[in-house]
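Colleague: I am new to reading protein models and would like a close look at a single part. Could you pick one helix and walk me through what surrounds it?

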Amino acid sequence: MPSDIFFLKYAAQLASHVDPHKTSPNPRVGCVVVRDDKIVAEGVHDNFGGAHAEANALGDALLEASTVYVTLEPCDCFAGKQTPSCTQKLINLKPKRVVIGALDPHFSGKNVEKLRAAGMDVEVLEIPEFKALNPFFEKFITQKKPYLCVKMAQSLDGCITGGDEVYLSNEISRKRVHVMRSQYSAILTTVKTILADDPKLDVRGVAGSNPDIIILGKKSDIPETANIFKISDRKLHFFNTHDLEEVLDECGKLGIDSLMTECGPTLAGALLAENLVDEVQIFIAPKLVGDGVGWTSDLDLKNWKRQSVEALDGDIHLVILARP
Ligand SMILES: [Zn+2]
């Protein structure tokens, strides 16, 4: 007989295929309905303003003989909310059991109590894997700041400049970076990086929309002809301050729930030194540079915890959680 974990993991897998940029600032959620140990319906929340996972999975028939598995605590109505309450829908359809992957920090178990009060057998498994499905949402709702990822490309000997070559990392790594850009709400960069590289910082070669750009420094220091001004379907925000925490707070007020860096070692190092980073993604090219510029030599990295390592056609892609 398949276990609760089996069905919840299946629901999480459904949600993991959704582009987080499309649901932002809502979380990705998966839901399955199980009767006699068989999945009879499934649904995900896959776009902001669209139907929730439960609404997509549940239909209108009574569910008295079924168990509903949902990766996150079902929502309820609150001021300004447009979509109907999934908690109320469950109360109307009366499933025998509801199994929930993680509590929603908006509701912190209040809706679990409502379901129990309506006579349902409700279990909350609180497994880190289900929170990990929505790291942007968790950080943004609990701290009102964006989830911050420092992205760097480096050589095997830790240098971030590749000598005579334009790119250190290979084509597949660079494509992965475009996928990352499509998943984050905004990119954090500096006037210095824009003057040095004249980047577009857009999404190319993969599906997805362009993230907004947060630029540290003065707009007037960038030539009007720079590539950064040539992309029209996004916003540019300038912050002329050295207070990085203030920048993150302001990004939170703008509704930016996730931020990835495209910058040099100075900003990356400062963000890490000030303990503002949630995740680090490093693309390591199998090259030795020797006398290039490094970026980690001044940092205390003992507590970093590797989340994944993957070979990308010769490059190594490391994902590290900066806060264990
Ligand atoms: Zn809902």
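Modeller: Let's begin with a term: a residue is called buried if 20 or more other C-beta atoms lie within 10 Å of its own, exposed if 12 or fewer do, and partly exposed in between, with C-beta atoms placed from the backbone. Please keep in mind that this is a predicted model, where local features need pLDDT of at least 70 and side-chain atom pairs count only at pLDDT 80 or more, while totals for chains, interfaces and linings use all residues. Residues are numbered from 1 along each chain as its sequence is written.

Our part is helix α11, residues 265-273. Helices (H or I, at least four residues) and strands (E, at least two) are DSSP runs, numbered from the N terminus. The protein has 11 helices and 13 strands.

Which residues of α11 are buried? They are L267, A268, L271 and L272. These four cover an arc of only 130° around the axis, which puts them on the same side of α11; the arc is that of the directions from the helix axis to the C-beta atoms. A general rule helps here: an α-helix has 3.6 residues a turn, so residues three or four places apart point the same way.

What covers that buried side? The cover includes β6, β7, β8, α10 and β10. The helix lies across four strands, β6 (147-155), β7, β8 and β10 (258-261), and runs at about 135° to β6. For such angles, axes are lines fitted to C-alpha atoms, for helices over the stretch in contact, and angles run from 0 to 180 degrees between N-to-C directions. Contact between two residues means that their C-beta atoms, placed from the backbone, lie within 7 Å. After the helix comes N275, whose phi is positive, near 60°.

Now look at the sheet beneath these names. It is an open sheet of eight strands with mixed pairing, in the order β9-β8-β7-β10-β6-β11-β13-β12. Two strands pair if DSSP finds at least two bridges between them. At the edges stand β9 (236-239) and β12 (305-312), each with a single partner strand, so one side of each is left without a neighbour in the sheet. On average, neighbouring strands are turned by 20° against each other, direction ignored. Within the sheet, β7 (residues 186-190) and β8 (residues 212-216) run parallel and are joined by five bridges. One of the residues to find is I187, whose bridge partner in β8 is I213.

Helix and sheet also meet in the largest nonpolar core, which has 39 residues. A nonpolar core is a set of buried Ala, Val, Leu, Ile, Met, Phe, Trp, Tyr and Cys residues joined through C-beta atoms within 7 Å. The members that touch the most others are V150, A186, I187, I214, L259 and our A268. Elements giving two or more residues to this core include α11, α10 (244-253) and β11 (279-285), and β6 gives the most, with six residues. Take I214 as an example: leaving aside neighbours within four places in sequence, I214 is in contact with A186, I187, L188, H237, F239, V247, C251 and L259. Another core, of 32 residues, lies apart from this one, and among its members are V29, A57, V122 and F130.

Finally, step back to the whole protein. Of its 324 residues, 37% count as buried, and the C-alpha trace spans about 70 × 40 × 35 Å along its principal axes. Among contacts between residues at least 6 apart in sequence, 72% join residues at least 24 apart.
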